[in-house]
Amino acid sequence: MPILNFSETKKLLLEYNIPLVKTELVDSLQEAQNSALKIGYSVALKVFSPVVFHRTEQGLVKLGVKDEKELNSAFNELIRRSKKTKIEGMPMNAARRMEG
């Protein structure tokens, strides 16, 4: 069974009017910083990979990132932890802001 990528999953959920937390997919620290300013702190960062199913257990999720200093640290730590993993970016979620 194929696994949907981030964009496909988001599109499918929105087609069925399932509300989502405001999310931006980022590929660099600069994108993460810009997105955090756009969607607002506090944010969560998660590594998105078609081969990783239990991100929390593998330390590939950072919750409650409150400011740019924490964002920089969290982003760099997730990049280090996922060096050997094929990743397709990092979804960054805003706390309690829904779309859809």
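Buried means under 20% relative accessible area. Keep that cut-off in mind as you look through these views of a predicted model.

**View 1. Phe6 and Phe48 form an aromatic pair.** The structure holds 1 aromatic pair. The ring centres of Phe6 and Phe48 are 6.1 Å apart and their planes meet at 70°, so this pair is edge-to-face. The two partners come from distant parts of the chain: Phe6 belongs to helix 1 (residues 6–15), while Phe48 lies in the loop between strand 2 (43–46) and strand 3 (61–65), 42 residues apart. Are these two rings buried or exposed? Phe6 has 16% relative accessibility, so Phe6 counts as buried. Phe48, at 14%, counts as buried too.

**View 2. Here is the largest nonpolar core, with 17 residues.** Look for Val26, Leu45, Leu71 and Met92, the residues with the most contacts inside this core. Helix 2 (29–39), strand 2, helix 3 and strand 4 each supply at least two of the core's residues. Which element gives the largest share? That is helix 3, with 4 residues. In soluble globular proteins, nonpolar side chains tend to be buried together.

**View 3. Leu71 and the residues it touches.** Leaving aside residues up to four places away in sequence, Leu71 touches Leu29, Ala32, Gln33, Ala36, Tyr41, Val43, Leu45 and Val65.

**View 4. Confidence along the protein chain, given as pLDDT.** The mean pLDDT of the chain is 87, and 92% of its residues reach 70 or more. Among the elements, helix 3 (residues 68–81) has the highest mean, 96, and strand 4 (residues 90–99) the lowest, 67. Where pLDDT is low, the predicted coordinates should not be read in detail.

Definitions and conventions
Residues are numbered from 1 along each chain as its sequence is written. This is a predicted model: local features need pLDDT of at least 70, side-chain atom pairs count only at pLDDT 80 or more; totals for chains, interfaces and linings use all residues. Side-chain values use heavy atoms; hydrogens and water are left out. Rings of Phe, Tyr and Trp (its six-membered ring) pair if their centres lie within 6.5 Å; planes under 30 degrees apart count as stacked, over 60 as edge-to-face and the rest as tilted. Buried means under 20% relative accessible area, exposed over 50%, partly exposed in between (1.4 Å probe, protein chains only). pLDDT is the predictor's confidence in each residue, from 0 to 100. A nonpolar core is a set of buried Ala, Val, Leu, Ile, Met, Phe, Trp, Tyr and Cys residues joined through side-chain atoms within 4.5 Å. Contact means heavy atoms within 4.5 Å.
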